[in-house]
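Welcome! Have a look at the structure below, then try the exercises at your own pace before reading each solution.

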Amino acid sequence: MTAHNNIDLVQINLSPGQNEYYFPQNTGWAARRVDRLRLYLAPGPGMASPVDGITPVLAEGGADNLYFDLYDDGERCVCRRLSAAHLHYANNHPPRLGSVLSLPLSRLYFVGDTVPEGCILLYAEYGGREAGGAPHRALSVAFTLPPGGETGFRPLVDEYMHQQPRPVRGITVDDGGQPLFLTLRDETDTHVFNHLPSSFMRPQRQADTPPQAQPFLLDRVDVDFDNSSVRNPFADRAAAPTITFYY
Amino acid sequence: MNKKLSGAKLLLVPIAAMGPNKFPYVEDLKGRVIKYIDFYPCRWLPGTADEGLATPADLYVTLADQVGNAYFLHGLPLERLDYASTCGLRQPVGQPVSLQNSFVDCRNEQAVGTTAAFVVWYDLPQFSARNRTDDLLVDSVTVPLVSEVRHNPLPDEERMARKRFRHLWLAAPSLTPDYRAALAPDQLKNCYITLRKGAYNVLDNVPLWLFYQLRMMDKMELANIVFDFQGSYITIGGAGTLPGVRTDYIGKSVFFNLAYER
């Protein structure tokens with residue numbers, strides 16, 4: 001199992017009538033060896049992008065005819081006509097890329113006359129390492145988020161001052177089927193975890209997601225609780241999640 | 001046991017009566033180490049109009065080993081061998097099996113008269129190899145369906161000739177990248193793939209749906225198998241008797257991705 005060090009979000013906004021999109025050039029992982037790409041799709045309509053809070057996220061079913069052509073920095077095609085289904089976050093074993101991607105050449109494209117509206121959320125994992133054993137301790141916090149609301153981690157863990165989880169080695173989020181977005185910052189500012197969907201971190205007992213063997217693992221991240229946050233992307237419903245930190 | 005898969009063969013076991021129904025003897029599997037056996041619940045089977053066993057309730061599998069014919073796996077419920085319902089967590093076999101002394105014990109009258117389909121995964125070192133590298137390239141194959149009775153050949157993809165394949169990933173788009181209509185998931189469940197190297201079927205009539213692994217806990221990895229695109233094919237189950245096959249299957253395509261060593 002991989003202990004994650006960096007997962008960065010790329011948002012690609014879809015335009016009516018345009019089938020083909022190239023990767024944006026100004027990503028933080030442009031020259032980094034990408035381990036995996038994960039595609040996140042909203043469970044239904046009404047989810048806003050965690051980046052701007054407005055653009056609707058492409059829902060399940062909208063990426064059935066989406067394909068990727070990925071090139072590495074040597075201009076070699078590493079993935080030709082890869083179905084987006086294999087990059088879906090629910091795939092327990094997505095393709096391992098292990099390449100520095102050529103962003104000007106890599107593209108994604110829809111096949112067919114109908115191009116959905118909204119945006120695509122693509123997550124690039126890089127710098128991960130093999131996890132060295134399972135964490136032994138855990139701290140769970142339950143809280144509520146109003147519609148469209150956001151909270152930092154500090155208020156959640158303040159009452160546990162004497163047993164604050166650090167370094168954090170894993171996270172699970174029991175979101176009750178309503179996805180949230182987490183942004184993690186670390187004390188040394190060396191890790192990147194931007195707008196991660198809680199669907200990546202659901203515990204095993206969730207019925208609508210594939211079973212996961214263990215928590216979403218982090219590579220001993222010294223989480224900055226003052227600057228990390230969790231956000232409810234739905235403007236019409238509140239959320240009552242439980243986050244478990246493993247350390 | 002090394003979980004990588006190299007050879008596979010589809011075996012059809014007629015459930016002729018209540019009680020034990022023996023597996024057929026297969027010369028190619030004699031002495032081979034069997035890794036896994038999958039039960040595939042499907043009404044439409046390749047090359048035959050016989051009704052396939054679709055529900056595994058109240059059927060049990062017993063496997064005999066080659067030495068002394070002792071039953072090392074006795075009375076295992078058939079559901080335990082269904083790859084999809086176990087989320088990919090297969091029951092390992094890991095030894096040669098005396099197929100002619102193994103049987104399916106039928107305790108369900110509804111199942112009599114049907115044919116149970118099993119995929120036997122076995123060691124085939126002649127057409128597989130160890131990993132040389134972790135660098136894989138991913139490509140795609142689109143197979144147009146032209147016949148409901150005969151073989152539907154794979155396209156001759158020169159750029160993938162002589163490659164060592166580690167994954168076959170099946171998705172279920174409605175359109176392939178070259179704008180052909182693709183089969184729906186329920187239709188893909190009635191298709192079978194044969195990958196051939198020379199005169200030998202490396203994967204022989206393996207249900208295509210077994211390669212749909214998006215929500216499986218345990219991944220299925222091929223042992224860098226080699227095969228020829230020329231001579232490999234896809235078969236539609238039912239031997240032409242599947243209702244609506246000419247209108248709903250012929251003219252459409254099957255799409256999948258292949259990952260191979262760089």
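Contact here means heavy atoms within 4.5 Å. The model is predicted, so to speak of local features a pLDDT of at least 70 is needed, side-chain atom pairs count only at pLDDT 80 or more, and totals for chains, interfaces and linings use all residues. Residues are numbered from 1 along each chain as its sequence is written, chains are lettered from A and ligands numbered from 1 in the order in which they are written, and side-chain values use heavy atoms, with hydrogens and water left out.

**Exercise 1.** Find A:Asp35 and describe its surroundings.

*Solution.* Start with the element: A:Asp35 belongs to strand 4 (residues 33-40) of chain A. Strands (E, at least two residues) are DSSP runs, numbered from the N terminus. Next, is A:Asp35 buried or exposed? It counts as buried because its relative accessibility is 15%, where buried means under 20% relative accessible area and exposed over 50%, with partly exposed in between (1.4 Å probe, protein chains only).

Now list the partners. Setting aside neighbours within four places in sequence, A:Asp35 touches A:Pro95, A:Arg96, A:Leu97, A:Gly98, A:Glu125, A:Tyr126, A:Gly127 and A:Gly128. Two of these partners place a backbone nitrogen by a polar atom of the A:Asp35 side chain: A:Gly127 at 3.4 Å and A:Gly128 at 3.1 Å.

**Exercise 2.** Work out the strand order of the open sheet in chain A that contains strand 11.

*Solution.* The four strands run in the order 11-18-13-16, with antiparallel pairing. Strand 11 (138-142) and strand 16 (216-221) of chain A each have a single partner strand, so one side of each is left without a neighbour in the sheet. On average, neighbouring strands of this sheet are turned by 25 degrees against each other, direction ignored; axes are lines fitted to C-alpha atoms, and angles run from 0 to 180 degrees between N-to-C directions.

Then look at one pair. Strand 11 of chain A joins strand 18 (residues 242-246) of chain A over five bridges; two strands pair if DSSP finds at least two bridges between them. Within this pair, A:Val141 has A:Ile243 as its bridge partner.

**Exercise 3.** Which strands form the edges of the open sheet in chain B?

*Solution.* First, take the order: 2-7-4-5, again four strands, paired antiparallel. The edges are strand 2 (19-22) and strand 5 (71-77) of chain B, each pairing on one side only. The average turn between neighbouring strands of this sheet is 20 degrees, direction ignored.

Finally, strand 4 (residues 59-64) of chain B meets strand 5 of chain B over four bridges, and B:Ala64 sits opposite B:Tyr71 in strand 5 of chain B.

Note on methods: A polar contact is a pair of N or O atoms within 3.5 Å; within protein, one must be able to donate a hydrogen and the other to accept it, and residues adjacent in sequence count only if both atoms are side-chain atoms.
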